Amino acid sequence: MYNRAVAPIYDPNHEYMVGCTGRSIIDNIKPKWKHSEGFRAEECLYNFWYAKDHIKQSKVVVLVESPGNIWRLEESGIHNGVAIFGANLNDKQKMLLDISGAMKIITIMDNDDAGIKAKEQIQKKCEKIYNIEHISISKNDVAEMTVQEIRETILLGIS
């Protein structure tokens, strides 16, 4: 995790740290995101431990690709966001959504080919159960948006 901003990842009840993830602080280091050894990203949603009460109350979940996007959503006052650790919603991650009380999914995937494929995959996997809204953004990802841009763009879809 050298040269990375590191964040803990907790179980859904916020009792145990199940791993950590680190974002490179240097642009040319690949991969940009790296997880601790043994962490099973496909079984977790980043920020679920905190967002689940907000999801249950609002009946809305905001899906993004990375923890950095969650940090910007939180900074903007949006507390029902979770990250899928990439561009694929896995079955175990969907099971967490299924128990969350959400009735609507808002996706804000990165503005690239992987993000487009992620929207399609999430739509196909979730359309029979959830109302789904895909929000397109002009920046590369949510983390590059200002708080004001997020509030103007995203809060409209949540209310």
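**Exercise 1. Determine how many salt bridges the model holds, and establish what the pair K92 and E43 joins.**

*Solution.* The count for this predicted model comes to eight salt bridges. One of them is formed by K92 with E43, whose closest N and O atoms are 3.3 Å apart. To see what this pair joins, place each partner: K92 belongs to helix α3 (residues 91-98), while E43 sits in the loop between β3 (33-35) and α1 (48-58), so the contact ties together parts that are 49 residues apart in sequence.

Next, consider exposure, for which the partly exposed class runs between 20% and 50% relative accessible area. K92 has a value of 43% and is partly exposed. E43, at 29%, is also assigned as partly exposed.

**Exercise 2. Locate the partners of the salt bridge between E133 and K104 and classify their exposure.**

*Solution.* The side chains of E133 and K104 meet at an N to O distance of 3.1 Å. E133 is in strand β7 (residues 131-134) and K104 in strand β6 (residues 104-107); the pair thus links distant parts of the chain, 29 residues apart. With a relative accessible area of 27%, E133 is partly exposed. K104 has 21% and is partly exposed.

**Exercise 3. Repeat the analysis for E149 and K139, then identify the residues joined into one network by salt bridges that share partners.**

*Solution.* The closest N and O atoms of E149 and K139 are 3.3 Å apart, and the two residues form a salt bridge. E149 lies in helix α5 (residues 147-153), whereas K139 lies in the loop between β7 and α5, ten residues apart. E149 is partly exposed at 26% relative accessibility, and K139 is partly exposed at 27%. Shared partners join R40, E42, E43 and K92 into one network of salt bridges.

**Exercise 4. Describe the largest nonpolar core and the surroundings of Y46.**

*Solution.* The largest nonpolar core comprises 23 residues, and those with the most contacts inside it are Y46, V64, L73 and I108. The elements giving two or more residues to this core are β1 (4-10), β4 (60-64) and α2 (67-75). Of these, β4 gives the most, with three residues.

Turning to Y46, and setting aside neighbours within four places in sequence, its contacts are A7, P8, I9, P67, I70, W71, G81, V82, A83 and F85. Apart from the largest core lies another, of 18 residues, which includes L45, I55, V61 and V82.

Note on methods:
Residues numbered from 1 in each chain as written. Predicted model: local features only at pLDDT ≥ 70, side-chain atom pairs only at ≥ 80, totals over all residues. Heavy atoms only, no water. Core = buried A, V, L, I, M, F, W, Y, C linked by side-chain atoms within 4.5 Å. Buried < 20%, exposed > 50% of the residue type's maximum accessible area, 1.4 Å probe, protein only. Helix = DSSP H or I, 4+ residues; strand = E, 2+ residues; numbered from the N terminus. Contact = heavy atoms within 4.5 Å. Salt bridge = Lys/Arg side-chain N within 4 Å of Asp/Glu carboxyl O.
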